[in-house]
Amino acid sequence: MAGSLKLYNTLAREKVDFEPIDPTNVRMYVCGPTVYDFAHIGNARPVIVFDVLYRLLRHVYGEEHVTYVRNITDVDDKINARALRDFGGRITDGSITLNEAIRAVTEKTESQFHKDVAALGALSPTVEPRATDNIPQMIEIIQRLLSAGHAYVAEGAEGQEVLFSTASMPDYGKLSKRKLEDQQAGARIAVEAHKRNPADFVLWKESAATEPGWTAAFTVAGSAVSIYGRPGWHIECSAMSDRYLWQEARDRLSPKGKAKPHQFDIHGGGLDLIFPHHENEIAQSCCAYNTHVMANVWMHNGFLQVEGRKMSKSEGNFVTINELLETEKFGGRKWPGEVLRLAMLMTHYREPIDFSVKRLEEAERLLAKWPAGDAGDARPDPAVVEALADDLNTVAAVQTLHALATAANADPAKLSAFVASAELLGVAPKKAEIGEELSSAVEALVDMRLEMLKAKNFAEADKIRDDLAARGIQLKDGKDPVSGERVTTWEVRR
């Protein structure tokens, strides 16, 4: 099975056979949220897409053989400004550190993000590092780049900056397929004249004395340079991916894995991150560690529209995950997390998705037809695994799931295989928890109906069925495989 897993690699612009560096330690990094505000529905798409991939990798290679890192971005000028506003005095007198102030500012939004994605059925990543906990690692990479001639210090309009020298990397632009000379021709050079090249980007930026920041000590051409400041956007992911997928993972790697230092298997994120974010991550990491590769496979999910239009606050169609789950802002009602998840998976991850009320209603109708149960020791259906192994073809997987659900509704013996398959996509219907008193009452009515059916009193039997249906109890008739007699199971409708 492992050899048949194919993934679309943005770097190669084609679907490739996935071959992990170390099959006993498959490693994946995905860019996570900036916890300045509540996550919107566009943020939910990569969470769901790469959660399915995580589940698939665990199925193929084993749960203990997959490491999934998804970062929390809490280094942001808006967050820093709020930390200064709310805790400036305490930061100055030393009673609270900058990291602690940022943690206090972002605690609510981070907690809400975790609650929201859990409602979407997403598993927790193996590691979820915060940018503010990895400042020393960022500084170390920047020093490596300075020492190797891939970075330089320049005086900008807002103070000193450490900039990456894009001209120092011959194949800069290999992910986005952008040529450096084309970027030079179209750039507004006069605006940022301190840059050697208009495409050069910030690794470290000086903060004013009144702004939050960290003290970074660099050595430049043999001289010590201290810059009180903050990291650029891209450097954080280079630092965190290397720390958690190489530095802290290498003791667990096989000799084959150790032979490829500072490299990992999969890097994921949204299509909008290809340039400049992921392009610049590659530049930093490859030049800092003198490698040709940062990640072997780069995967990107497509854009999201809402009701056929680009989502934006000016369009009036900006909606957060929490608003979908807890308010009636979208479509005049609340939407269960499993409906939101299935609606996403009904479009292939690389295709643009139109997030609409119609699509949510379609997903909800589909889920209503799927039975709840336990997987037990059952394995996912091979057809579902095969679909997902073809570059996460969730569209085909969902179609197969529906056929399995139909079969399970007709034959309870097939229920566990359906549930195991649905769990692989994270869309297995949940059993409703009910009290013993209600359960006993339903069982008594089910037994009464069976007796009426034996007596051919179909009118009364139908009435019991309809009355229970009106109360959200769905009956399912079948046959005992041994005796051939009618048996009836039931479940609470979602």
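**Reading strands, helices and unusual backbone angles**

Me: I see that Met28 stands opposite Tyr68 in E4. In what sense do strand E3 and E4 pair, parallel or antiparallel?

Reply: Good place to start, and keep in mind that this is a predicted model. Strands of a sheet pair through backbone hydrogen bonds, in either a parallel or an antiparallel sense. Here strand E3, residues 26-30, is joined to E4 by five bridges, and the pairing is parallel.

Me: In what order do the four strands of the open sheet lie?

Reply: The order is E4-E3-E10-E11, with parallel pairing. Strand E4 (66-70) and strand E11 (295-301) are at the edges; each has a single partner strand, so one side of each has no neighbour in the sheet. On average, neighbouring strands in this sheet are turned by 20° against each other, ignoring direction.

Me: And how many residues lie between E1 and E2 in their hairpin?

Reply: Four residues lie between them, and one in the turn, Arg13, has a positive phi of about 60°. Strands E1 (residues 6-9) and E2 (residues 14-17) pair in the antiparallel sense over four bridges. Across that pairing, Leu7 is opposite Val16 in E2.

Me: Where else should I look for a positive phi in a residue that is not a glycine?

Reply: The general idea is that most residues other than glycine have a negative phi, and most peptide bonds are trans. Ala221 departs from this with a positive phi of about 50°. Ala221 sits in the loop between strand E8 (214-220) and strand E9 (223-231), and with 79% relative accessibility it counts as exposed. Glu307 also has a positive phi, near 50°; its loop runs between strand E12 (304-306) and strand E13 (309-310). At 40% relative accessibility, Glu307 counts as partly exposed.

Me: Which peptide bond is cis?

Reply: Look at the bond from Phe275 to Pro276, which is cis with omega near 10°. Pro276 belongs to helix H8, residues 274-289.

Me: At what angle do helix H12 and helix H14 pack?

Reply: Two packed helices are described by the angle and the distance between their axes. Helix H12 (residues 382-389) and helix H14 (residues 415-425) pack at about 15°, with axes 9 Å apart. They are therefore roughly parallel to each other, and H12 passes H14 in a right-handed crossing. At the contact, Val384, Val385 and Leu388 of H12 meet Ser421, Leu424 and Leu425 of H14. Those residues divide into five nonpolar, one polar and no charged.

Definitions and conventions. Residues numbered from 1 in each chain as written. Predicted model: local features only at pLDDT ≥ 70, side-chain atom pairs only at ≥ 80, totals over all residues. Heavy atoms only, no water. Pairing = 2+ DSSP bridges. Helix = DSSP H or I, 4+ residues; strand = E, 2+ residues; numbered from the N terminus. Axes fitted to C-alpha atoms, helices over the stretch in contact; angles between N-to-C directions. Parallel < 35°, antiparallel > 145°, perpendicular 65-115°, else oblique. Left-handed = near helix turned anticlockwise from the far one by under 90°. Contact = heavy atoms within 4.5 Å. Nonpolar A, V, L, I, M, F, W, Y, C, P; charged D, E, K, R; others polar. Buried < 20%, exposed > 50% of the residue type's maximum accessible area, 1.4 Å probe, protein only.
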